[in-house]
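Me: Before we accept any label attached to this model, I would like to go through the labels one at a time and ask what each rests on.

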Amino acid sequence: MVMVMRTIANKVGTIQVEGNAFYFLQPLSTFKTDQMDQIQQAYEKRMATLTEQPYYLTAKDLTFQSGQVQFEYDLTGFKAFDHLKSLYFEDKLPYYLSLVRMAKDSSVTVLWQKENFVLDPEEKLVKAAIIENEELQLQNPKSREEAVKELIIISLTSLNRVLGRPRRSDFFEQSEDVIRFAETIFLRLKTLDEMESYLQGVQEEVNERKRLEAEELAQQEADKGRFSFSLIEKLQGRTGSAAKPKPQLSLAKSERKQPKKNPADKDSNKRFLLCTAGVLAVAVLLNIFLTNANENAQATDAGKIEVSEEISLEEVYRQGLLGDDMAVIEALEAIGQDSLKEKDKEVLAKLYMENGDYKKAIKADSELAGEVATKLMEEDKVDELQALEASLEETSPEVAFELAAASEEWQTVIDLRNQVELTDERIPTIVSAFIQTGDLQTAKAFVNEKAPENEEVLDRLLEVEKQQNELEALKTEKAEKQKLIDTDIDEKKIKAAKERMKEIDQQITELEKGIEVIKGG
């Protein structure tokens, strides 16, 4: 079974890889013209200027598919960019150089996205598929320098995105040389010229080391041959001679006679050491005793109230462990929020949550508003969620978001998407809102930015887009058939058009049902 990989590209486009087939699909509406022949000509004209460049793949076909322009490439003989992760550091250097040199050519704009690049193992080059032309504009949120740095770091680590300085544990090879290389590329070098010069220097050092290692290995092999030949000669020369006894290891050092010490000196040294040890022991014990006594005296008065409170709360928490939550809540409330320690405030807020007193929970900890709203939604308690919103002194975006989702106020969900925590539950809800409002392009941009690795959401979004494009194509065809029926006088054509319209109506009904199912999530 051929594995299919799909990802959002160029904000509203799609990259799809099936085996050795690479497809880039971009909505026709995003091109500067809606004429396919002009799009084809613009692409061919651009590629004709790059025939001498080794860094770019040429599409083997351009077609129009359900409202989208499809570029098809053949990847036979190439490997995905992520294959770099499996190579040793030294073997990655030629690919890095080609990447930098590609970026240095300011006359060509490529899509600086990992999935747009492949490796040519024979030429040791990185190559790009999608490039800009007169009719197609590419969206690159990062500069060429930043994009190159990110791609290099991704290939050195287990990361798929670089959101900050990577940790040592992220690297496949954690030697000092590799870490130093990454720090230099990522933090110190600012321009592509600096990167190219640095990479060339590293490559030259590697080549020189390999040359010296090869020479050393060759020398060792030669020495081994000479040693073997010399040994044979010696053995042949000793034939018939008596074997000499093996030399014994010298123990002179251990057997060497030591000068005798004066017994009086020995006794004097003993008495000195014993006296010194005794004095030190007394001093240490005295110091410990005085220190402890002083600390205990200082702590006695200051700790009386705190110890009393600790003992009291310990008894309260013991009641909580026995199941009496209300006793704990009442005791902590009696002390008062302002007098409670942080850990006790957290306990109180948690107990409010567990006992369903959500209003007090949020008052104790405003950050719990989102958790409360989510919990009420999961329990389908919309009325309580509405009552909670009405009782809050300040508006909570999380509560408003969950209420909007429950009442299917999709535009409100979209408007609040940047004010709430994007949990795994909320991202599909936001995508549903975009789908319901028909704004698939913004939905793709949102997923690309906030959840690029959420394949379930991405597949759902792309499937809706595919079916809607097919639906639009069928509606266009239906309108053309209707026009033929109204204007043509050829009975055979009219009959064929009517039969086709019946098929189209059936396909439209099925597609609309399928789209509604997907919209519902």
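Reply: Then let us begin with a pair of helices in this predicted model: the axes of α2 and helix α3 (residues 144-156) come within 11 Å and cross at roughly 165°.

Me: Why are α2 and α3 called roughly antiparallel to each other?

Reply: Angles over 145 degrees count as roughly antiparallel, and the crossing angle here is roughly 165°, so α2 and α3 fall into that class. The crossing of these two helices is right-handed.

Me: Which residues make the contact between α2 and α3, and how do they divide by class?

Reply: From α2, Phe89, Lys92, Tyr96, Leu99, Val100, Met102 and Ala103 meet Arg144, Val148, Leu151, Ile152, Ser155 and Leu156 of α3. The residues of this contact divide into 10 nonpolar, one polar and two charged.

Me: What makes α15 roughly antiparallel to α16?

Reply: The axes of helix α15 (residues 426-437) and helix α16 (residues 440-450) cross at roughly 160° and come within 8 Å. Since the class begins over 145 degrees, α15 is therefore roughly antiparallel to α16. The contact is made by Ile427, Ile430, Val431, Phe434 and Ile435 on the α15 side, and by Leu440, Thr442, Ala443, Phe446 and Val447 on the α16 side. By class, these residues are nine nonpolar, one polar and no charged. As for handedness, α15 passes α16 in a right-handed crossing.

Me: Why, then, is α13 called oblique to α15?

Reply: Helix α13 (residues 397-406) and α15 have axes that come within 11 Å and cross at roughly 55°. Roughly parallel would need an angle under 35 degrees, and roughly perpendicular one of 65 to 115, while the rest, apart from angles over 145, count as oblique; that makes α13 oblique to α15. The crossing of α13 past α15 is left-handed. In this contact Glu398, Phe401, Glu402 and Ala405 of α13 meet Arg426, Thr429 and Ile430 of α15, which gives three nonpolar, one polar and three charged residues.

Me: Turning to the strands, how do you know that β7 and β8 pair?

Reply: Pairing requires at least two bridges, and four bridges join strand β7 (residues 117-120) to β8, the two running antiparallel. Leucine 119, for instance, has valine 126 in β8 as its bridge partner. These strands belong to an open sheet of three strands, ordered β6-β7-β8 with antiparallel pairing.

Me: What makes β6 and β8 edge strands of that sheet?

Reply: β6 (79-80) and β8 (125-128) each have a single partner strand, so one side of each is left without a neighbour in the sheet. Helix α2 (residues 89-104) packs on this sheet, touching β7 and β8, and its direction makes about 40° with that of β8.

Me: In what order do the strands of the five-stranded sheet stand, and which of them are at the edges?

Reply: The order in this open sheet is β1-β2-β3-β5-β4, with antiparallel pairing. The edge strands are β1 (4-9) and β4, since each pairs on one side only. On average, neighbouring strands of this sheet are turned by 20° against each other, direction ignored.

Me: How do you know that β2 and β3, and likewise β4 and β5, are paired?

Reply: The requirement is at least two bridges. Strand β2 (residues 13-18) and strand β3 (residues 21-27) pair in the antiparallel sense over five bridges, with glutamate 18 opposite alanine 21 in β3. Five bridges also join strand β4 (residues 61-65) to β5, again antiparallel, and the partner of threonine 63 in β5 is glutamine 70. The hairpin of β4 and β5 has two residues between the strands, and serine 66 takes a positive phi near 50° there.

Me: Why is the pair of tyrosine 43 and phenylalanine 71 called edge-to-face?

Reply: Ring centres within 6.5 Å make a pair, and planes over 60 degrees apart count as edge-to-face; here the values are 5.5 Å centre to centre and 65° between the planes. Tyrosine 43 lies in helix α1 (residues 36-48) and phenylalanine 71 in strand β5 (residues 68-74), so the pair ties together parts that are 28 residues apart in sequence.

Notes. Residues numbered from 1 in each chain as written. Predicted model: local features only at pLDDT ≥ 70, side-chain atom pairs only at ≥ 80, totals over all residues. Heavy atoms only, no water. Contact = heavy atoms within 4.5 Å. Axes fitted to C-alpha atoms, helices over the stretch in contact; angles between N-to-C directions. Left-handed = near helix turned anticlockwise from the far one by under 90°. Nonpolar A, V, L, I, M, F, W, Y, C, P; charged D, E, K, R; others polar. Phe/Tyr/Trp six-rings, centres within 6.5 Å; stacked < 30°, edge-to-face > 60°.
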